[in-house]
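Work through these exercises with the structure open beside you. Try each task before you read its solution.

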Amino acid sequence: MKPVESNKTMTPPILRVHNLSVGYSSASNKVTPVLHSVSLEVAPQSIVGIVGESGCGKSTFALATVGWRAPKLVYLGGKVDVDGFNLLAAKPSVLRRYWGGRLAYVPQEVSTALNPSRRLGAQLDEPLILHTRMSRATRKRWILDFLAKVHIEADDNLLSRYPFELSGGQQQRVALAMVMMCEPDILVLDEPTAGIDATTRVDVIAALRESLRGKKTAVIYISHDLTEIASIADQVVVMYAGEIVERGPAFSVFASPRHPYSAALLASTPSVRDARMVQGIPGRPPGRIITDRCSFAERCSFVRNACIEGSPSLLPVAPDYEVRCVRASEIEIDLRRFCERQGLQQHIRSENPPLLELSGLNCVYRSGGTVIHAVKDVSLVVGRGEKLSIVGESGSGKSTLLHAIAGLHPPSGGTMFFQGRRLPGWSRQRHVDQHRLVQLVFQNPGRSLNPRHTVARILESPIRLFRPDIPRADRYLTASALLEKVQLSPTLLGRFPYQLSGGEKQRVALARAFAANPKILLLDEVVSALDVSVQAAMLQLVHSYSFETGASVLFVTHDLAVARVISDRIAVLQKGQICEMADAETLFLRPTHPYTITLLNSVLSRNSREGCQDGPKRGELT
Amino acid sequence: MVPIQRPTPFSILLRVARQFTATIQGRIGFLLIGMNVVIFVVGPYLAPYDPIETGVGPSAEAPSPSHLLGTDTLGRDILSRFLHGGATILFVPLAAVTLAFLIGGALGMASGYIGGLFGNLVARLLDVTLPIPPLLVALVVIARFGGQLWVMVAIVAAVYAPRIARILRAAVQNLTTMEYVLAAEARGESQTAIIFGEIIPNILAPLLVEYGMRLNFAVSFISSLNFLGLGVQPPSSNWALMVSESTTLIPTNPAGALAPMLGLTSLVVGINFLMDSLTQYLSDETSRV
C-alpha cells in the first residue's frame, strides 16, 4: 500500500479531537486526570500511530476517540467530533448505532475479546445483523470475503469453530475482519500485535494492510513498539504523561526526533541493523498530569532551568509538525547525536574455555499416551564470559532447553557438563555450587516472584542458601545492596510484588539471580513483557554484569533485534532443533538456513514499509 | 534517605491484627468470639451455684432475683449451668479441627506436591472414606469407646481429615507449576522450605476458609451429638445438652432455653464473620495489581 501523505492536506479530517481531557474517578470520588487537553485530527485513509510507554494514556485516548463510557472514566472537557457529530455529548443509546458500524475498536487482548463459547460464524455475523440490511446469504459471502482479505482460508468448517481452536495470530486477524466488515470510518487498534511472535506479527500487519486497501477508513494505531509504528503509520503522535509531546509525519519523527522523549525512546529500541547497545530512560512515567513544568523534565538529559519554570506548549516547528519542548529548536542536532548510540559491544569468541557443554540433549513431554519431543538432539557450548542467544518462535523448545539446564526438566537423553563436571538432570541431585552458579530468570516476573513475600524476603532466600558467610543480621543490608545494583531504591524492600511495576519486578528477579554470584545466567524472554525504555535498561544491566564478573549469559528470546544487541553468538532453534548457529554479525549478514532467512525477513524495520511482505532481501539487512 | 529497617515481630503482629479487623464484619466477629471466650474463661468463677447440684431452688421456676435465668426440672440453677457449659462447645471442636488439619493437611499437601503414583494412591484412598456417613461413624465409635472428650475429638478429626486433605491437595497442585515454586526448586531449596515458605503462604486464604467452615461444622456436629445424648453426659453441663433439656421449659421460662441457643449462635456466626473478613483481606491483597 502506498503512503497517503500526498492527499491528506486536501481531504478534510473525519475525526477531530479537540482539547480532550479525561480522568478516572477513584473509590473516594476523587478524579485523577489522565489525559490533558489532547487535540488531534485524522483524515480518511490515513494511519496515525500513537507511541509512548505504559501509563502515558495511550489506551485511554483510544477509548475516548470512540466515545466509550467505561466505568469510572470521566470526560473532563473537550470534544470528539466524527463528521461534525460530537461523540461525547451523545447518549450511549445513540452511540450504540455507531459502535461496531462507523466506529470500530479492537482491544488489546483479542483472545479475551472474542466470546469463548460462541462459534466464529455467529460472532462474525453479529455486527452485520446489527448494522446492515443484508440477507443471510449475502452476509455469509461478505464474511468469507473479508476473512480472505485477512489471509484466513475460510469455509463452513472454520465458521463452526470456537475461538480457542485458532492460534493467537489467527484470532487477531479474525477480530480485524470482524471490525472491517462494516467498513468503519474510524478504526482504533490498541496494541494489535502485543504478545505475538515476530513471524505471526508480520501476518497480522499484512492482513491489516490488505483489508485497508481501497477503503476510506482512518486508523489510529497504538503500540509501544516504535519499529512497528514506523513500518505502518503515516503520522506519529508521541504521548507522555497524558499529553502529546510530539506529532509529525512518521518518516521525519523517526529520522530526526525533535523531542527528547521521542529521541530517548528511539535510543532504547534495539534494531537488527545495529549491534550497538541500547540506552534505557531513567525513572518511569509520572502516571499523572503535570501542569507546572515540563512533565518529562526529571528524566530528560537536556533539562535546563527553563524546563521546570513552566509547562511548555505544543508549538509548530515545521508544516504539520508540532513539538512540546522549549528547547526544540536549539537541541535538534544534539538529539540526532543522542540517537546514534554509543557502542560498547565487545565480542568474545567461542575460543574461550567452555563453561557449559550440552551434547545430544533430548527433552520430551508426556501427556497420556503421546510423547512430544520439545528439544531434539541439541548440542552447544557456551564459553566463559560468552553471551549466547537462542532465538525461535513460541513453541520451538527454547524455554524447555533452559529449564533442562536449570534442572527443572530432566532431559530424556544426552549429557550436560558444567565447568567440566557432569550436571545431573534433576535439580535435587545437584551440588549446592551447581545451584549457585547456574541461575535462571523467568519470563514473567509476576509469576516468578512469590506474591506473599516481600522484596526483602525474596532477595534473602538466595543469600541464606548461597552466602553462608553473611550472618543472618546482615542479610537485610545485603539485599538492599543488591537492589542498588539493579538501580532500584532500597525503600522497595518492604513492598510486595503487586506494589511494583513490571519493570521493577523483573529487576528484582534479576537481583535475586545476581545474589548468587552466578557463572551463567539463563534468561528466559526476560524483556519481552517490558516497555522499550525498561527493556533497554534491563539489557544494559545484564551486559554490565557479564562485563564486570565475566559471567556467561544464555539469552532466550523471540526478538531478533534484542538478540543482536545482547549477544556474541546466536543459535536459531526450530521445532526443538538448532538449525543454525553463528556469530551474531555473521548470522545477520549471511544467514544460510532457510528458516533463519524467514525469521530475518519477518523483522519489521523502520525504513522498509514493504520489506516484510516480499521474498528474501538479504541486502536490506546489512 | 529513608532508614532501612527490618520488620520487627511487633510490627508483624500489628499487621495481622489489622488484617483480622479490616472490615466491619471482621470487627463484629471478633467481638462475638471475644464475648464467648470471656464467658468460657471467667464464667465458671462467676457462677452463683454449683452447676450439677440439684435442688438449689424449686423445680422449673421462672427467672427470679435469686435465680436470674430460673431453674430446670431438677431444680438446678440455669445461669450457673450456662456459665459452666460453654467451654466444651468451643474447645472440643477446636482441638478436633486442629487435629484434622494436621493429619489431613499433611496428607493433602504431600500428595499434591509429590504427585505421581503416591499422590494418586493417597487421593483414591481419601475418596473411599468420603461416602461414609459421619453420624454413623460417631454412633458406632461412641457405642464402643464411650463418650469421653478424647473420643469426640478423635471422631471429628477422623471424619474431617480426608475432606481437608482433598481441598489442600487441589490447592497445592495448582501452585506446584508456578514459576516461583520452580525458582525455589532451581536454587535447591529443601522440600520442607518450599512447602512452608513458598506454597503455604499462597494457600492461606482457602486454608482459613476451610478452617472456619470446619470449625463451624464441628460445633454443630458435636452439638447435635450432645443434643442426641451422646458425648457429654448429664449431669455435666453443656450448651447443646441444655437446649435439649430445656425444650419442655420454653413455655414457662423462654430465657432459660434461649441463653444456650444464643451462645451457640453467636459463636458460630462470630467464627464465620471473622474468617470471611480475613479471607477477603487476603484475596484483596493479592488481587491489587
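Axes are lines fitted to C-alpha atoms, for helices over the stretch in contact, and angles run from 0 to 180 degrees between N-to-C directions. Keep in mind that this model is predicted.

**Exercise 1. Describe how helix α4 of chain B packs against helix α5 of chain B.**

Step 1. Know what to report. Two packed helices are described by the angle between their axes and the distance between the axes.

Step 2. Give both values. α4(B), residues 87-114, and α5(B), residues 116-129, pack at an angle of about 145 degrees. Their axes are 7 Å apart.

Step 3. Add the handedness. The crossing of α4(B) with α5(B) is left-handed.

Step 4. List who makes the contact. From α4(B) come B:L107, B:S111, B:G112 and B:I114. From α5(B) come B:G116, B:F118, B:G119, B:V122 and B:A123.

Step 5. Sort them by class. The contact has 5 nonpolar residues, 4 polar residues and no charged residues.

**Exercise 2. Summarise chain B as a whole, then place B:P206 in it.**

Step 1. Count the elements. Chain B has 12 helices and 0 strands.

Step 2. Take the dimensions. The C-alpha trace of chain B spans about 75 × 55 × 25 Å along its principal axes.

Step 3. Check burial. Of the 289 residues in chain B, 40% are buried.

Step 4. Look at sequence separation. Take the contacts in chain B between residues at least 6 apart in sequence: 72% of them join residues at least 24 apart.

Step 5. Find B:P206. This residue lies in helix α10(B), residues 204-227.

Step 6. Is B:P206 buried, exposed or partly exposed? A buried residue needs 20 or more other C-beta atoms within 10 Å, and an exposed one has 12 or fewer. B:P206 has 17 C-beta neighbours inside 10 Å, so it counts as partly exposed.

Step 7. Name its contacts. Leaving aside neighbours within four places in sequence, B:P206 is in contact with B:I167 and B:A171.

Step 8. Try one distance. B:L282 is 76 residues from B:P206 along the chain, and their C-alpha atoms are separated by 9.9 Å.

**Exercise 3. Test the length of helix α20 of chain A, then say what surrounds it.**

Step 1. Work out the expected span. The expected span is 1.5 Å times one less than the number of residues. For the 13 residues of α20(A), residues 502-514, that gives 18 Å.

Step 2. Compare. The end C-alpha atoms of α20(A) are 18 Å apart, which agrees.

Step 3. Judge burial. 12 of the 13 residues of α20(A) are buried, so the helix is largely enclosed by the rest of the structure. Among the buried ones are A:V508, A:L510 and A:F514.

Step 4. Find the cover. What covers these buried residues includes helices α17, α18, α19 and α21 of chain A, along with strands β18 and β19 of chain A.

**Exercise 4. Which elements of chain A face chain B?**

Step 1. Count the residues in contact. Chain A gives 25 residues and chain B gives 20.

Step 2. Name the elements. α16, α17, α18 and α19 of chain A each give two or more residues to this side.

Step 3. Sort the chain A side by class. It has 13 nonpolar, 9 polar and 3 charged residues.

**Exercise 5. Read the strand order in two open sheets of chain A.**

Step 1. Start with the 4 strands. Their order is β2-β1-β4-β5 (chain A), and the pairing is antiparallel.

Step 2. Find the edges. β2(A) and β5(A) each have a single partner strand, so one side of each is left without a neighbour in the sheet.

Step 3. Zoom in on one pair. 8 bridges join β1(A) to β4(A). One bridge links A:R16 to A:D81 in β4(A).

Step 4. Move to the 8 strands. Their order is β6-β7-β8-β3-β9-β10-β12-β11 (chain A), and the pairing is mixed. β6(A) and β11(A) stand at the edges. The twist averages 25 degrees from one strand to the next.

Step 5. Check one pair here too. β10(A) and β12(A) run antiparallel, joined by 2 bridges. A:R247 has A:E322 in β12(A) as its bridge partner.

Step 6. Add a helix. α12(A), residues 260-268, lies across β3, β9 and β10 of chain A. This helix runs at about 100 degrees to β9(A).

Notes:
Residues numbered from 1 in each chain as written. Chains lettered and ligands numbered in written order. Predicted model: local features only at pLDDT ≥ 70, side-chain atom pairs only at ≥ 80, totals over all residues. Contact = placed C-beta atoms within 7 Å. Nonpolar A, V, L, I, M, F, W, Y, C, P; charged D, E, K, R; others polar. Pairing = 2+ DSSP bridges. Left-handed = near helix turned anticlockwise from the far one by under 90°.
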